[in-house]
Amino acid sequence: MRVLILSQWFDPEPFFKGLPFAKALRDLGHDVQVLTGFPNYPGGKVYPPYKIRLFQREVMEGIPVTRVALYPSHDRSSLKRILNYTSFAVSAALLGPLLIRDIDIIYTYHPPGTIGLPALVMKAAKRAPVVYDIQDLWPDSVRASGMLDNKVALWVLSKLCGVVYRFVDRIVVLSPGFKEELTKRGVAREKIEIIYNWCDEQALASGDEAIDEDTKEIFRDKFNVLFAGNMGKGQGLEAVVDAAEILRERQPKVQIVLVGDGTEAEKLKERARQKKLDNIVFLGRKPVDEIGGMLRHADVLLVHLKDDPLFRITIPSKTQAYMAIGKPILMGVKGDASRLVLDAGAGIVCAPGDSRSIAEGISSMYLMEEQDLKNMGERARVYYYENLSIFAGTRSFDRLFASLLQQYCGH
């Protein structure tokens, strides 16, 4: 099959369904090409040596990639974020049909919701079915992130997403909860398929040697609970800082390590300074090749999102990375994510946004036998590779593409 991957984001941006996914599809015998934007996520600055132009073609490890113009931004300004999303959507819709050769299947990665415009234009222009991979429910995630709170604008976004869902051929979701929510919104149940996400397995392969000695010293002689990733409003990490305050007296050997950056990072650091906490460490954003080694240095890996109905039906992407690395997980997300971790026997759960529950969860894991923690981690790793890996996921997409194309060609 000739497959187009349509996504606003692609390598070298940190995008888990990027180049490794394209190569995995190619390895299954598909002819794969990509339509994307110029890389600028997550900092909002264009990666060197790229420069914004009308379009650019390149070949990445044998995969043809076509990039089209966009307005680069990823800061707290709602207007700039909207310009970022809409500029790519318009560019891809106008230029995509001219720049992309014949295709059989259009795989589309959502978010942003504006990606639906070029998806439907490409569907009409190329007469190819669209598989629409929904990773965030719009406008719910837009509201939850604080990006937009205007009720009229959110209503318009909801209606636009409904039109896209109606006209795409198949919808892929990352959890059972997403499927149930979309059916409530009028999407036919048989149109929706659950394919769990995987993580960047290659990026996690780095070991102890990838971490400098100063960082290793931070981890030494502590029971380290590590969170790695974006520090935005949706993560609700102020409760984690408050949990560190509770644990300071109760379990002085416990240390919370926050790796990453985001719009709330400075506020979190200031909160920790005001509380004079010496048991929480902020390591900032780290190169991808160091993350795997840092995760391996931790005793427990923390997933946390604020308690929002949207997050109860999602599975944060770091969950898969944590499971693949083979470490026990403290899951501070209600709903599907908690059920996944419990079903796998990969960790325990705590109440999101509840500093006492987080502290109690950490304390209970600290008091566990070392072998029990190791067993949790091993169950996490086995479950991941059997059910959530790129190997498992790509084959699910392969079966979906084949089934859809057979039906599409039969009409």
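This passage walks through a helix packing, some aromatic pairs and a few backbone features of a predicted model.

A good place to start is the meeting of two helices. Helix H8, spanning residues 238-250, packs with helix H13, spanning residues 355-366, and their axes lie 8 Å apart at an angle of about 55°. The two helices are therefore oblique to each other, and H8 passes H13 in a right-handed crossing. On the H8 side, the residues that take part are Ala239, Val240, Asp242, Ala243, Ile246, Leu247 and Arg250. Their partners in H13 are Ser355, Arg356, Ile358, Ala359, Glu360, Ile362 and Ser363. Sorted by character, the residues of this contact comprise eight nonpolar, two polar and four charged.

Aromatic rings come next. Across the whole structure, a search finds 16 aromatic pairs. One of them joins Trp9 and Tyr85 in an edge-to-face arrangement, with 6.4 Å from centre to centre and 85° between the planes. Trp9 sits in the loop between strand E1 (2-6) and helix H1 (19-27), while Tyr85 belongs to helix H2 (residues 78-99), so this pair ties together parts that are 76 residues apart in sequence. Both Trp9 and Tyr85 are buried.

Another pair is formed by Phe397 and Phe401, whose rings are tilted, at 6.0 Å centre to centre and with 45° between the planes. Here the partners share helix H15 (residues 390-410), and because they are four residues apart, about one helical turn separates them. Phe397 has a relative accessibility of 0% and so counts as buried; Phe401 is likewise buried, with a relative accessible area of 0%. Phe397 and Phe401 also belong to a cluster linked by ring pairs, together with Phe15, Phe16, Phe21, Tyr107, Tyr109 and Trp198.

The backbone offers a few details too. Most peptide bonds are trans, and most residues other than glycine have a negative phi. Against this background, the bond between Asp11 and Pro12 is cis, with omega at about 10°, and Pro12 is found in the loop between E1 and H1. A cis peptide bond also joins Tyr41 to Pro42, again with omega of about 10°; Pro42 is placed in the loop between strand E2 (31-37) and strand E3 (55-60).

Positive phi values appear at Arg127, where phi is near 55°, and at Lys276, where phi is about 55°. Arg127 lies in the loop between helix H3 (116-126) and strand E6 (130-134), and its relative accessibility of 71% makes Arg127 exposed. Lys276 occupies the loop between helix H9 (265-274) and strand E11 (280-284), and at 70% relative accessibility Lys276 counts as exposed.

Methods. Residues numbered from 1 in each chain as written. Predicted model: local features only at pLDDT ≥ 70, side-chain atom pairs only at ≥ 80, totals over all residues. Heavy atoms only, no water. Axes fitted to C-alpha atoms, helices over the stretch in contact; angles between N-to-C directions. Parallel < 35°, antiparallel > 145°, perpendicular 65-115°, else oblique. Left-handed = near helix turned anticlockwise from the far one by under 90°. Contact = heavy atoms within 4.5 Å. Nonpolar A, V, L, I, M, F, W, Y, C, P; charged D, E, K, R; others polar. Phe/Tyr/Trp six-rings, centres within 6.5 Å; stacked < 30°, edge-to-face > 60°. Buried < 20%, exposed > 50% of the residue type's maximum accessible area, 1.4 Å probe, protein only.
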